[in-house]
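Colleague: Please show me the model, and then justify the terms you use for it.

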Amino acid sequence: MGEAATQDWTIPQDWDAYTQEDHRTWITLYERQARVLPGRACDEFLRGLERLDLHGGGIPDFRALSERLSALTGWQVVAVPGLVPDDVFFAHLANRRFPAGNFIRRPEQLDYLQEPDVFHDVFGHVPMLTDPVFADYMQAYGEGGLRALGSGRLHNLARLYWYTVEFGLLETREGLRIYGAGIVSSRSESVFALEDPSPNRIGFDLERVMRTPYRIDDFQQVYFVIPSLRKLLDITIGTDFGPLYSRLATAEDIPIATMVAQDQVFSRGAQAYAAAHG
Ligand code: HBI
Ligand code: FE
C-alpha cells in the first residue's frame with residue numbers, strides 16, 4: 001500500500017500484483033456467501049451480483065467492473081488504500097464513484113477484519129449500486145455529506161450510513177431481507193441479522209437512526225428495517241435537514257440496545273425484552 005494517493009486518494013488498483021492466494025481468498029469468500037445469501041439477501045442484491053459476474057475470475061478488475069456498472073447506473077469503482085477522509089468520501093459518492101480498498105484480507109482473517117477490504121467493498125457494496133433507486137440514494141447521501149461538512153452533524157450522518165448502507169434490512173412480502181454491505185459480506189452476520197433472537201429489529205425512522213450510536217467491533221444489537229428502497233430515497237431527498245440538524249444538536253442519543261415508545265417493533269431482542277418486563 002505504499003502508493004502516494006492523489007488528492008482524491010485514488011490509487012491504481014494494480015490488478016496484476018494480486019497473487020494466486022489473493023484470488024483464491026476472493027473465490028473462497030464468494031462461494032461461502034453464495035451458499036448463505038439466497039433467501040436472505042434482497043432480490044436487488046442477488047440480481048446485481050449476477051449481472052456483474054463477480055465470481056469466476058477471482059478479484060474483479062475495477063476497469064472491467066466499472067464499464068459494466070456504469071452502463072447500468074453510471075457508477076464506477078475507484079481504488080483507494082483504505083478509509084479516506086469524510087470530505088473525500090462524500091465527494092466520490094456525489095460523483096457516482098465508489099471508493100473500494102484494493103487489498104484483500106489474509107487467509108487466516110477470513111471471518112473478520114477491521115478495515116474494509118476489496119471483498120467488503122466490492123462484493124458487499126457494489127451489487128446494490130446496480131439498482132437505480134439505491135444508486136440514487138448513494139449519490140444523494142454523498143451530496144448531503146458535502147453539504148453537512150462543518151455542520152458538526154457528521155456523526156449523525158455516519159449513523160444513517162451505518163444503519164442503512166452497511167447494516168440495513170428490507171421488508172419484503174417473503175419476510176425481512178438483507179441489503180446492508182456489512183451483513184451481506186459476512187457469513188455469520190448474514191444468518192445472525194435475520195434469525196438471531198437477541199438484536200432489536202425496528203422500523204426505519206430517520207431521526208431515530210441519527211440518534212442511535214453504533215459499535216464497529218461486534219454483531220449489531222439493533223437493525224433498522226426499511227419498507228422499500230424507494231421509501232429510503234424519498235425520505236432522504238424529501239427531508240429538510242436544517243431543522244433536523246437543529247433538533248439533533250440538543251437531542252439525547254438513544255442507547256444502542258434501548259427501544260423507545262415510538263419504535264415500530266419488528267422483533268424485540270432478549271435484553272430489551274428483559275428491560276421492558278423487569
Ligand atoms: N472511506 N474508503 C472509505 N470507505 C468508507 O466506507 C468510508 C470512508 N470514509 C468515511 C466513511 N466511510 C464514514 O465516515 C461514512 O459514514 C462517511
Ligand atoms: Fe462498507
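The exchange below sets values against definitions.

Modeller: This is a predicted model, in which local features need pLDDT of at least 70, side-chain atom pairs count only at pLDDT 80 or more, and totals for chains, interfaces and linings use all residues. Residues are numbered from 1 along each chain as its sequence is written, and side-chain values use heavy atoms, with hydrogens and water left out.

Colleague: What makes His 120, His 125 and Glu 166 donors of the iron ion (ligand 2)?

Modeller: Donors are N, O and S atoms within 2.8 Å of the metal (3.2 Å for Na, K and Ca); water is not among the atoms, so sites may look incomplete. His 120 (NE2), His 125 (NE2) and Glu 166 (OE) lie 1.9 to 2.1 Å from the iron ion, so they qualify as donors. Their spacing along the chain is H-x4-H-x40-E.

Colleague: Why is His 125 called buried?

Modeller: Buried means under 20% relative accessible area, exposed over 50%, partly exposed in between (1.4 Å probe, protein chains only). His 125 has 4%, so it is buried. Glu 166 counts as buried too, because its relative accessibility is 10%.

Colleague: Which contacts of ligand 1 with Gly 82, Val 84 and Asp 86 count as polar?

Modeller: A polar contact is a pair of N or O atoms within 3.5 Å; within protein, one must be able to donate a hydrogen and the other to accept it, and residues adjacent in sequence count only if both atoms are side-chain atoms. A backbone N or O atom of Gly 82 lies 3.1 Å from a nitrogen atom of ligand 1, and one of Val 84 lies 2.8 Å from a nitrogen atom of the ligand. The side chain of Asp 86 has an N or O atom 3.0 Å from an oxygen atom of ligand 1.

Notes: Chains are lettered from A and ligands numbered from 1 in the order in which they are written.
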